[in-house]
Amino acid sequence: MATNSNEIDNNFLTLSLSFPPPPVVAPPPPPPPPPSSRRPRKRKRTLKSETIPPPYPWATNHRAKVHSLNMLRLNQISTITGEVQCRRCDRKYEIGFDLCDKFAQIGSFILANKELMHQRAPSIWMNPIYLNCKFCEQENSVKPIIASKKKSINWVFLLLGQFIGCCTLDQLKYFCKHNEIHRTGAKDRVLYQTYLSLCRQLDNTGPFYY
Ligand SMILES: [Zn+2]
């Protein structure tokens with residue numbers, strides 16, 4: 001008697017269990033598809049081509065990568081130009097830096113101060129000194145205009161003017177991302193890495209390794 005009733009109970013259990021599962025199992029499948037079908041779509045949207053049209057004659061067709069000094073010499077590029085704007089009179093104009101002179105100055109500065117920097121940008125890099133305005137003659141007033149599109153940022157110009165500190169942390173991280181540089185930490189660390197990486201790209205025989 002007891003065995004029979006147990007068997008019956010078990011049968012009922014089995015039956016009653018075999019019915020509800022389909023509805024229970026049915027709802028979960030819908031949720032998983034959306035995430036899995038969304039993810040590839042997102043990846044496709046952010047998929048970018050590996051190369052870009054070089055934004056400047058001294059830039060390469062890779063994001064945040066510039067030509068070496070040797071290549072620039074071969075191409076007879078000796079002046080690096082960029083757009084600037086006066087904070088006082090708002091005038092926009094273009095200025096040029098002598099590539100060799102300016103780069104030599106930066107190289108000497110790094111060589112003399114690297115040990116003291118402890119892989120952090122010094123104050124002069126964090127707080128750039130701006131130029132004097134050629135129109136209103138206001139001192140320390142002319143800032144570089146930084147391209148709104150990160151792939152169009154004029155990195156060599158910013159380096160030569162020691163203006164890279166004008167970039168936001170986000171722009172610096174973009175540079176580091178495309179140059180396989182560890183890009184976490186405070187702005188002074190990321191800025192230091194950006195300066196040294198740009199110098200290495202121009203001259204990989206200089207004192208620009210950490
Ligand atoms: Zn001005």
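Helix α9, spanning residues 187-202, has 16 residues and extends 23 Å from its first C-alpha to its last, which is close to the 22 Å expected at 1.5 Å a residue. The model in which this helix appears is a predicted one.

The buried residues of α9 include Val190, Leu191, Tyr192, Gln193 and Thr194 in one run, followed by Tyr195, Leu196, Ser197 and Leu198, and they also include Gln201 and Leu202. Several other helices contribute to the cover over these buried residues, among them those in the table.

| Helix covering α9 | Residues |
|---|---|
| α4 | 69-74 |
| α5 | 99-117 |
| α6 | 123-126 |
| α7 | 155-160 |
| α8 | 169-177 |

For the pairing of α5 with α9, the axes come within 12 Å and cross at roughly 135°. Because this angle falls neither under 35 degrees nor over 145, nor within 65 to 115, α5 and α9 are oblique to each other. The crossing in which α5 passes α9 is left-handed. On the α5 side, Phe103, Ile106, Gly107, Ile110 and Met117 take part in the contact, meeting Tyr192, Cys199 and Leu202 of α9. Sorted by character, the residues of this contact comprise seven nonpolar, one polar and no charged.

The wider setting is a protein chain with nine helices and three strands, whose elements run α-α-α-α-β-β-α-α-β-α-α-α from the N terminus on. Of its 210 residues, 21% count as buried, and among the contacts in the chain with a separation of 6 or more, 55% are accounted for by residues 24 or more positions apart.

How values were computed. Residues are numbered from 1 along each chain as its sequence is written. This is a predicted model: local features need pLDDT of at least 70, side-chain atom pairs count only at pLDDT 80 or more; totals for chains, interfaces and linings use all residues. Helices (H or I, at least four residues) and strands (E, at least two) are DSSP runs, numbered from the N terminus. A residue is buried if 20 or more other C-beta atoms lie within 10 Å of its own, exposed if 12 or fewer, and partly exposed in between; C-beta atoms are placed from the backbone. Two residues are in contact if their C-beta atoms, placed from the backbone, lie within 7 Å. The expected span of a helix is 1.5 Å times one less than its number of residues. Axes are lines fitted to C-alpha atoms, for helices over the stretch in contact, and angles run from 0 to 180 degrees between N-to-C directions. A crossing is left-handed if the near helix is turned anticlockwise from the far one by less than a right angle, and right-handed if clockwise. Ala, Val, Leu, Ile, Met, Phe, Trp, Tyr, Cys and Pro count as nonpolar, Asp, Glu, Lys and Arg as charged, and the others, Gly among them, as polar.
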